[in-house]
Amino acid sequence: MTTGAPATVSTHVLDTTIGRPATGVAVSLAARTGPEQPWQELGGSVTDADGRCRDLPGPPAGTTHVRLVLDVGAYHGGRGETAFFPEVTVAFAVTPGEHHHVPLLLNPFGYSVYRGS
């Protein structure tokens, strides 16, 4: 259901190598109001013990696109691994009034993202 309310965003990072949540991954969030507009950095969070960011800032009204940047290199380094992808950037379109949950499945040599629920 869409309303005049702004969109909301969350993420969940799962480490597929160990079959567990990825704890301590820094996540930043940016938004823009159109495809040709500049990104506005809104802030960030760090994944909790369940691999979730429950406190990402809300995109402002008028947001059409959101970008998450996840510092997975530091996460892998903390586990004694070398990450082929030091960061994962995911940009996606949002709909006002809807919640957008974007899980990340992660290992040192690959990742996958999708729209969750």
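This report describes strand pairing, salt bridges, a loop residue and a surface patch in a predicted model.

## Strand S1 and its partners

Strand S1 spans residues 8-15 and is mostly covered, with 6 of its 8 residues buried. Strand S8, formed by residues 99-107, pairs with S1 in the parallel sense, and 8 bridges connect the two. Within this pairing, Thr-11 stands opposite Val-102 of S8. Strand S5, which consists of residues 52-53, also pairs with S1, here in the antiparallel sense and over 2 bridges. Thr-11 appears in this pairing as well, where Cys-53 of S5 stands opposite. Thr-11 therefore has an opposite residue in S8 and another in S5.

Strand S2 (residues 20-21) runs antiparallel to S1 and is joined to S1 by 2 bridges. In this pairing, Pro-21 of S2 stands opposite Leu-14. S1 and S2 form a hairpin with 4 residues between the strands, and Gly-19 takes a positive phi near 65° there.

## Salt bridges

The structure holds 7 salt bridges. One of them joins the side chains of Glu-41 and Arg-67, with an N to O distance of 2.8 Å. This pair links distant parts of the chain: Glu-41 belongs to strand S4 (residues 40-46), whereas Arg-67 belongs to strand S6 (residues 65-70), and the two residues are 26 residues apart. Glu-41 has a relative accessibility of 53% and counts as exposed, because the exposed class begins over 50%.

A network of salt bridges links Asp-48, Asp-50, Arg-52 and Arg-54. Within the network, the side chains of Asp-50 and Arg-52 meet at 2.8 Å, N to O. Asp-50 also forms a salt bridge with Arg-54, at 3.5 Å from N to O. How do the accessibilities of Arg-52, Asp-50 and Arg-54 classify these residues? Arg-52 is partly exposed, with a relative accessible area of 26%. Asp-50 counts as partly exposed too, at 32% relative accessibility. Arg-54 is exposed, with a relative accessible area of 61%. The salt bridge between Asp-50 and Arg-54 thus joins a partly exposed residue to an exposed one.

## The loop residue Glu-81

Glu-81 is placed in the loop between helix H1 (72-78) and strand S7 (88-93). The side chain of Glu-81 makes a polar contact of 2.8 Å with that of His-76. A further polar contact, of 3.4 Å, joins the side chains of Glu-81 and Arg-79.

Which residues does Glu-81 contact when its neighbours within four places in sequence are left aside? They are His-76 and Pro-108. His-76 is thus found both in this contact list and in the side-chain polar contact of 2.8 Å.

## A nonpolar surface patch

Phe-84, Phe-85, Phe-109, Tyr-111 and Val-113 form a nonpolar patch on the surface. Together, these residues present about 510 Å² of accessible area. Phe-109, one of the patch members, lies in the loop between S8 and strand S9 (110-113). With a relative accessibility of 63%, Phe-109 counts as exposed. S8, which precedes this loop, is also the parallel partner of S1.

Technical notes:
Residues numbered from 1 in each chain as written. Predicted model: local features only at pLDDT ≥ 70, side-chain atom pairs only at ≥ 80, totals over all residues. Heavy atoms only, no water. Buried < 20%, exposed > 50% of the residue type's maximum accessible area, 1.4 Å probe, protein only. Polar contact = N/O pair within 3.5 Å; in protein donor to acceptor, adjacent residues only side chain to side chain. Contact = heavy atoms within 4.5 Å. Salt bridge = Lys/Arg side-chain N within 4 Å of Asp/Glu carboxyl O. Patch = residues over 30% accessible without salt bridge, like charges linked within 9 Å, V, L, I, M, F, W, Y side chains within 5 Å. Areas by Shrake-Rupley, 256 points an atom, 1.4 Å probe, with all protein chains shown as cover.
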